[in-house]
Amino acid sequence: MLKKILAGLVVVFVIIQFFRPDKNVSNDETYHLVTKYTVPDDVKDILEVSCNDCHSNKTIYPWYANIQPVAWWLNDHVTEGKRKLNFSEFTKLPIAVQNHKLEETIEMVEEFEMPLESYTYLGLHKGAKLTDVQRKLVVNWAKAQMDTLKATYPADSLVMRRRASAPSPTN
């Protein structure tokens, strides 16, 4: 019985190898962050190594991304990361959203929420783990960009508008 179960698992494992998600490799940089914002080389290097795989339109995939179900997990991870922040489409966003995304970047990096621990544990992407110096560089850069936006745009244009709340149901 155990041999049949193991054989069935092997067959399923082989079959799922043929169902692969699309890879995130467009690398369209028309609206990339660097088209509008000054990004020093040291910060650009940090973003490329530690952020862009999940937060841009170009992921450099590790070898294990070719094995299912890991590829599905990575695809979900990249899709979610791009949904929250996509440097490749950053300048498409309204200026208030850009300002807010810079603010969120500062918060996530300062609070050690980025890069995700799941991205760096087991040494799978140890180069993405930020040192304290790298964290400070990214935070200071993002703050400087926010200062530039404040000096360039009217204050009310940098504030995220609250969405109108849905009317409460009446009985």
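The following questions and answers concern a nonpolar surface patch, a nonpolar core and one buried residue in a predicted model.

Residues are numbered from 1 along each chain as its sequence is written, and side-chain values use heavy atoms, without hydrogens and water. Because the model is predicted, local features need pLDDT of at least 70 and side-chain atom pairs count only at pLDDT 80 or more, while totals for chains, interfaces and linings use all residues.

Me: Is Phe19 buried or exposed?
Reply: Phe19 lies in the loop between H1 and helix H2 (41–50). Buried means under 20% relative accessible area, exposed over 50%, and partly exposed in between (1.4 Å probe, protein chains only). The relative accessibility of Phe19 is 51%, so this residue counts as exposed.

Me: Which helix gives the most to the largest nonpolar core?
Reply: A nonpolar core is a set of buried Ala, Val, Leu, Ile, Met, Phe, Trp, Tyr and Cys residues joined through side-chain atoms within 4.5 Å. The largest one has 22 residues. H2, helix H5 (95–110) and helix H7 (132–152) each supply at least two residues of this core. With six residues, the helix that gives the most is H7.

Me: Which residues does Asn52 contact, leaving aside its neighbours within four places in sequence?
Reply: Asn52 is found in helix H3 (residues 52–55). It is buried, because its relative accessible area is 12%. Contact means heavy atoms within 4.5 Å. Leaving aside neighbours within four places in sequence, the contacts of Asn52 are Leu47, Lys58 and Phe87.

Methods: Helices (H or I, at least four residues) and strands (E, at least two) are DSSP runs, numbered from the N terminus.
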